[in-house]
Amino acid sequence: CGLAFGEDRILVGCIYRPPKKNGDGQVLSSDEALFRSLRGARRLVENGKYGSILVAGDFNMPDIVWSSDGVGSASDLALVSKSFLLTLDDCFLSQSVVVPTFHKSVDDHTGSILDLIITDEAVRVLNIEICPQLGDIQRAHSVIMWKYAVGKHKKVEFRAKRNWKKGQYDMIKKELEDIQWSSFMSSRDLDDFYNFKRMQIF
């Protein structure tokens, strides 16, 4: 939905992505619809219909490790999680929750970050509070409260940056050497190859 505060128009979305029971981490049609929605939201901002994007909800991707600056780690992730991070990167979106929001039991002291706050202007997300769980305390999500700055403000462009110094370049080189290029490229063009390798590397 759209919210207007004077000339400040914000596109707001609420997401619930069910956990996948098959556990294979493949991208399903519902995931593709989610990624299309995020790209569509970005286009609305680029076309000037809205000034910013705010999306929050339960994304159920426990394998993503979020750093303190909201950048997700893409190493050893399921395909759907890699695709999600690539979508955020392509849409210039960042994620603001960096502490666990879900615990499987009272003995689970590590927890997972399943509930996310996604925006194209991270500086607008203020005073995030992780509050007590809603429902069964044995296995429940924490309530997240935050403030979102509206009205006149200076536009800050944000894009997550990858730490290229930690790239596993020997592994990438070996994977490239192991590809049977003649058969691999026989039915693909350069765009197909680029997208395929980008998905594997990131």
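## The sheet

Five strands form an open sheet here, arranged in the order β1-β2-β3-β8-β6 with mixed pairing. At its edges stand β1 (2-5) and β6 (94-95), and because each has a single partner strand, one side of each is left without a neighbour in the sheet. Keep in mind as you look around that this is a predicted model.

## Where β3 meets its neighbours

A good place to look next is β3, which covers residues 52-58. β3 pairs with strand β8 (residues 115-119) in the antiparallel sense, over five bridges. To find one spot along this pairing, look for G57: its bridge partner in β8 is L116.

Now turn to the helix. Helix α1 (residues 29-46) lies across β2 (8-16) and β3, and runs at about 160° to β3.

## Two asparagines with positive phi

Most residues other than glycine have a negative phi. Against that background, two residues are worth a visit. N60 has a positive phi, near 50°, although this residue is not a glycine. Follow the chain past β3 to find N60, in the loop between β3 (52-58) and β4 (65-66). Is N60 buried or exposed? Its relative accessibility is 13%, and buried means under 20%, so N60 counts as buried.

The other residue is N127, again a residue other than glycine with a positive phi near 50°. Where does N127 lie? You will find N127 in strand β9, which spans residues 125-133. So while you look for N60 in a loop, you look for N127 within a strand.

How values were computed:
Residues are numbered from 1 along each chain as its sequence is written. This is a predicted model: local features need pLDDT of at least 70, side-chain atom pairs count only at pLDDT 80 or more; totals for chains, interfaces and linings use all residues. Side-chain values use heavy atoms; hydrogens and water are left out. Helices (H or I, at least four residues) and strands (E, at least two) are DSSP runs, numbered from the N terminus. Buried means under 20% relative accessible area, exposed over 50%, partly exposed in between (1.4 Å probe, protein chains only). Two strands pair if DSSP finds at least two bridges between them. Contact means heavy atoms within 4.5 Å. Axes are lines fitted to C-alpha atoms, for helices over the stretch in contact, and angles run from 0 to 180 degrees between N-to-C directions.
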